[in-house]
Structures are given as structure tokens and as C-alpha cells.
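Open the model in a viewer and keep the selection panel at hand. The stops below go from one residue outward to the interface, then to a helix.

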Amino acid sequence: MKITAPISTPAEVEPLVRAGARELYCGVVPPDWIQRFNTSGVNRRVFGNLNGYADLERVVEKAHALDADVFLVLNAQQYGEQHLDALTEIGARFRSIGGNAAIVADISLIASLAANVPDLAIHVSSVATCRNVESARFFAGLGASRIILPRDVTVAEISAITTELPELEIEAFVLNDGCVFEEGTCHTVHLPMNKGGPICIDNYQFEYQSAGGGQPHERALRRLEQNDLDYKRWLWYRFGNGFSVAPNGYPWGPCGTCAMPAMHAAGVHSVKIAGREGASERKIKSVELVAQVLRRIEAGESEEKVREFAVGLRGAPGHCASGYMCYYPEVRSRAVVGEVEAKVEVPA
Amino acid sequence: MTIPQSTPTLPAPPGPIELGFALVDERELAAFARHDRLTRDDYLDQLGDARDCVSLPENAEPTHFFLGSEFCEHLLPSVESIDRAVALCERWGLTFGLVTPIACDGLFEPLRAALARLPAGSEVTINDWGVARLVQREFPDLRPVAGRLLGKMLKDPRLPSATWARMYPNGLRAGPFREILDGLGIGRLELDFPPFGAADMYAGIDFPVGVRAPYGYIAKGRICKLGSLSLDTPEKFSPGHKCRRECLGFSEVGARPGTHELHTSQRGNTMYYRHAAGMATAVAEAVANGWVSRIVLSGA
């Protein structure tokens, strides 16, 4: 099982590979793109991209010298038909400098790359929301060699796909940057924070209504409000425990390290660390954290021991006990994190 | 609040427009069952106050009736409800359609059972490429329609201007998209009408286009706040658990303070915007010009 890590500058290649990443993914905004299309939307993120082709070449060269692969994100949810040729050209250019795979969500672009750049591997982005065997077969039929599963799948669902389709590489999230909505069905942009930020943490003031109209009865309303408090706490975890890091520098927030033994046993090819837009230090600490867990799995440690180690890595098992910091909460072991939910203060 | 008795109308489009109603809560079939035939007002009445946000041509009368959810695997109707809806559609002389969501593997067997109840020629609104393969391979007598989760476009009601909306244009006219849909036997698109949408935004698409009105969806998750209501605290907000369908009992409505944006709501795992008057007019213009050939009325 390999660790797939995000980069946004050539300088990040070496420390991330040295930390344990064998696969790197990045985005690039070619200099002529904005002039041609009056948008910087080459991929899902406006920020966190390499500066241009020269940087992309440096990344590929450095990574290959360290025996790591490089993937290019062309993963906008959708592209206009006017973009397809230009994106296919980017894919061809990336392949010509030795790039290994494109990460793509849009089915038209997948088809175009498969037809025109056949030696560039295609990884189906998590943005494509492919989370069943038949859907994976559909994308394989278009030419994909890897499926990056979306967030919010269970380990059992992952295992069903790897078992049924052993010829496909499967990549699953393991750390950082939890979305609230599914990426492939969230048709919004992350606005600048002064305009609201991501819609899932924007300042909407909602009131409950009963299906028949009017407010819910008082008892129901109390339950709904208690559920809202739990949800607010879950959101805090979903967004990196208030966008913070542990005292030892490891990132808080969505984590699937406890599930890595099960994913390894299921034949998952790669585990994905999210966060192209993050700081270099956060990326490096993220890879270090996951790599420590992977090394123990590869050394043959028992699942329980690995989980115990993973839970102890940040020195705050109470957060793990909450159940809200997990990508795969169903594998959360009460024997490891404790039967009683930890009381963790969540700032308002 | 009083429900108006009439809805703004426009001149009839070049051809007859199709009019559908999409029902998510199978329990509400009972209320429909009392009708010997359905009229446009029966459909519009289901929308409550939101009927004011729809403009229909004068001659629009029901042609289709849909049951099921695009957004949640827990809301697949029972086979008993499907049988009942199919029987009602036969009585009303309407085409029945089953609406299906993005699926996990565990949904495929219930889906097979549901699809097996549909008479030939029924529509299946598909929102998952795997489900599209299933229908094509095992249910070739059914007519698949690409649902609005497959017709990707920017629909953020908070965008400050139309310029922002152009950042990620839709790919509905792309050649490969058309070929892939053709290859799956999909012959129709169902779409939302987005904020900042223009009347002609669906002109020239190679498929007949239906538009959901008066609500469009903004975002949908697999994690469901309301669906976690009955779960123990550490188990909440995770996939793969059972659901008591609380979203059929409650929704949330509101806005961002200090804004005059589209009316927004959330039901279960999905956020919606409601069409403003200008959007309803634009959809009506698209219908009048033949760019949209079907309106599917649905709630939020």
C-alpha cells in the first residue's frame, strides 16, 4: 500500500518522499489558460497549484529521481466542451515530460484523454463519486486504471470493490480535509472567507419546519437542537479541529489510520492524504504520521496493536473516542479508545 | 397562508410540453390515490406556496408521475409502493418513472427488485453510472433518463455575480458526454435551472431536456444530520447506518443574514434553492422556445 501526498511546489517533493510518500499529486495552471478561457479553473482548486510547466517538469524530474510517481489533477467536476482540447493537450504535455497519471472526474475528459493520450494512466477522482462495483466497471470501461473512492464510504464497501475488481487500483482517503457534502454533488465554490467560505460552514440561519408546516413540537425541537449541537461538534472535527494541529505538529481532523490495517488486507493500492492548499509543514507531518502506521502494518503487527499505535500518535485519544474525527468510524475500537466518549471541549 | 388559485401562464410552446410530478415520500401516495385523474392544479397544489415560483404554459397537463429519491439510498420506495404507483399511473393514463440515487453496492439488490416491478416503457431517473449499466444490461425495456446529479453545473446561490458562475461552465454539449449517454441507452436529460441561468442555456443540447422546478439542489452529502437524530452520539454523521427517514418529517429553511439571496432550505442530506420569479420566467421562455420539453415539479 502506497501513500499518496499533495504538493504545490517543487520544493515539497524531496521532504514528502523522504517522509514516506511514493506518489505525489499536483495541479498546474498553464500561463495561457487564463488568457484563453478567462478563468483559473483548470482543476478543483484555484489555489495550491504549481506555477507553470517549468515547475511541473521539476516536480516530475525530482520525484522520479526518488522513485516516486507524479499525478496531475484535472479534476474539476465538469468542464465546458470548449476546454476539452486544451485539457487533453495539458495531459499530453504532462505525459511527454514523464508524468504518470491524470486525476480526472469529468467523463468527457476521461474519454478524451483515453482516446488521445493512451499511455497516460487515468485515475478517477473522488469528485466522480464512484462508490460501487458497477460504477467502477463503467469508469474502467472508459479507460481508467485507478478509482479514488470518495469520502464517506465504509471499509466493507471498499473491500467489496477491491475483491470484485482486483485488476483496478483502489485509492482511499486516509487523512485531512473532510468535506461535508460529497465532492461530486456539491455544486458550489469555496468563496473567500469574507464572502462566506465553503457553503457547509457558511453562516446560514435555519429554522426547523414540520412536514405539515409550522414549527415542530417542543419535544421534537429539543431533540433536533441537541442533534444540532452534536453536528456542530462533528463539523469542528471535520474541519481539522478548528483548523488546528496537535502539539506535536500532527494534523487534527479526518483520519483513517485505524482503518489502514483493514484497507491493507483488502488490497487497497494507495491511501490518500488531502490538502494541496495546506502548508508544507502540514503535508510533511501528515505523511510522517501515515508512514509510521504503514511501517507497522508492513512489519506484520497485529491490527489491534496498529490501532493502538495510531490512536496514540497525537497524544489525545479523547478526540479519537469522539468518533467524529474518523473517516471510517466503524473501525473505531472501543477497546483502544475507551468505552466512554471522551469529554472534549469544542470552542463555539 | 392562502394558496393562490392561479399560476402565471405563458403562450403554448411549439410542441406539447410534458409535465411530471416527483414524489419522494411514498406515504403520500395515499393522498394522490383519491384522484380519478390528475390535473396541473393537483400537481401545483402539492407545492404549497412555492406554486407561485412556477410558470407553466397554458396547455401543460400531467404526462408523468415519478416516485423515489435522487439523493438518498434510504428513500428507495418499497415494491408495494411501486406497484401502487404503477397501478395509479395506469388509471391516470400517465407514464410512471422510478427515481434512483447514487448507490452503494448494498442498494443494488433492492434496486433490482424495484426495477423488476416496472412495466416496459417506464422511465428510470438515473444518478449513478453503475445504476445506468444495471438498467441497460438487465432492464432493456425501461427508458433511462440522466438525472440532475449527472448533469453537473455550478449552482451556488451565494455567487456575487454571473461572472463567477462562468468559472466552471457545464459540459452538457461535449461530444464524449453525448456518446457515453448514447452508449448507455440514455435518451433524455433532467437538469436544474441554476442561479444566473439564462433562458437559452439549454438550447442546442442533443437530448430532450427536462427541468426540475421550482427547487434546484445546491449540494448533497452522504452524511445526513437529520438522519443521525436517533443514533447514539458517537455513531452519528457516518455512512452505512440505518435511517428512520426523519427528513420526511422535518426540513430547515433560512438564509444568510443580511443577504437577499434565493430562498434556501435543507432536507436531510441535501441543500436546495427555490426559483425566484426571474428564474421561473426564464424557464418558461426556454419552454416556449422548445429548449426545454418537460417540467418536473418537485418539492425540497
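Contact here means heavy atoms within 4.5 Å. The model is a predicted one.

**Stop 1: a loop residue in chain B**

Select B:Ser122, which sits in the loop between helix H4 (108-115) and strand S6 (123-126) of chain B. Which residues does B:Ser122 touch, not counting those up to four places away in sequence? Show B:Phe96, B:Leu142 and B:Arg143: B:Ser122 touches these three, with residues up to four places away left out of the list. The relative accessibility of B:Ser122 is 4%, so this residue counts as buried.

**Stop 2: the interface as a whole**

Now display both chains and select the residues in contact across them: 69 in chain B and 78 in chain A. Together the chains bury about 6,300 Å², and 60% of that area is on carbon and sulfur atoms. Pick out B:Arg158, B:Tyr168 and B:Phe237, which supply 11% of the area that chain B buries against chain A, more than any other three residues.

**Stop 3: polar links across the interface**

Between chain B and chain A there are 10 salt bridges. To view one of them, select A:Arg131 and B:Glu73, whose side chains meet at 3.4 Å, N to O. The two chains also have 37 residue pairs in polar contact, counting pairs with both residues at pLDDT 80 or more.

Next, color the elements that give two or more residues to the side of chain B that touches chain A: helices H5 (129-138) and H7 (175-183), and strands S9 (209-220), S10 (250-255) and S11 (264-267) of chain B. S10(B) gives the largest share, six residues. By class, this side of chain B has 35 nonpolar, 16 polar and 18 charged residues.

**Stop 4: strands paired between chains**

Stay on S10(B) and add strand S8 (residues 205-210) of chain A; the two run antiparallel and are joined by six bridges. To locate one bridge pair, select A:Gln209 and its partner in S10(B), B:Ser251.

**Stop 5: a helix in chain A**

Move to helix H6 (residues 133-142) of chain A. Is H6(A) largely enclosed or open, and why? Seven of its 10 residues are buried, so H6(A) is largely enclosed by the rest of the structure. The buried ones are A:Val133, A:Glu134, A:Ser135, A:Ala136, A:Phe138, A:Phe139 and A:Leu142.

Finish at the two ends. At the start of H6(A), a side-chain oxygen of A:Asn132 comes within 3.2 Å of the backbone nitrogen of A:Glu134. Just after H6(A), select A:Gly143, which has a positive phi of about 120°.

Methods. Residues are numbered from 1 along each chain as its sequence is written. Chains are lettered from A and ligands numbered from 1 in the order in which they are written. This is a predicted model: local features need pLDDT of at least 70, side-chain atom pairs count only at pLDDT 80 or more; totals for chains, interfaces and linings use all residues. Side-chain values use heavy atoms; hydrogens and water are left out. Buried area is the accessible area (1.4 Å probe) that two parts lose on being put together, summed over both. A salt bridge is a side-chain nitrogen of Lys or Arg within 4 Å of a carboxyl oxygen of Asp or Glu. A polar contact is a pair of N or O atoms within 3.5 Å; within protein, one must be able to donate a hydrogen and the other to accept it, and residues adjacent in sequence count only if both atoms are side-chain atoms. Helices (H or I, at least four residues) and strands (E, at least two) are DSSP runs, numbered from the N terminus. Ala, Val, Leu, Ile, Met, Phe, Trp, Tyr, Cys and Pro count as nonpolar, Asp, Glu, Lys and Arg as charged, and the others, Gly among them, as polar. Two strands pair if DSSP finds at least two bridges between them. Buried means under 20% relative accessible area, exposed over 50%, partly exposed in between (1.4 Å probe, protein chains only).
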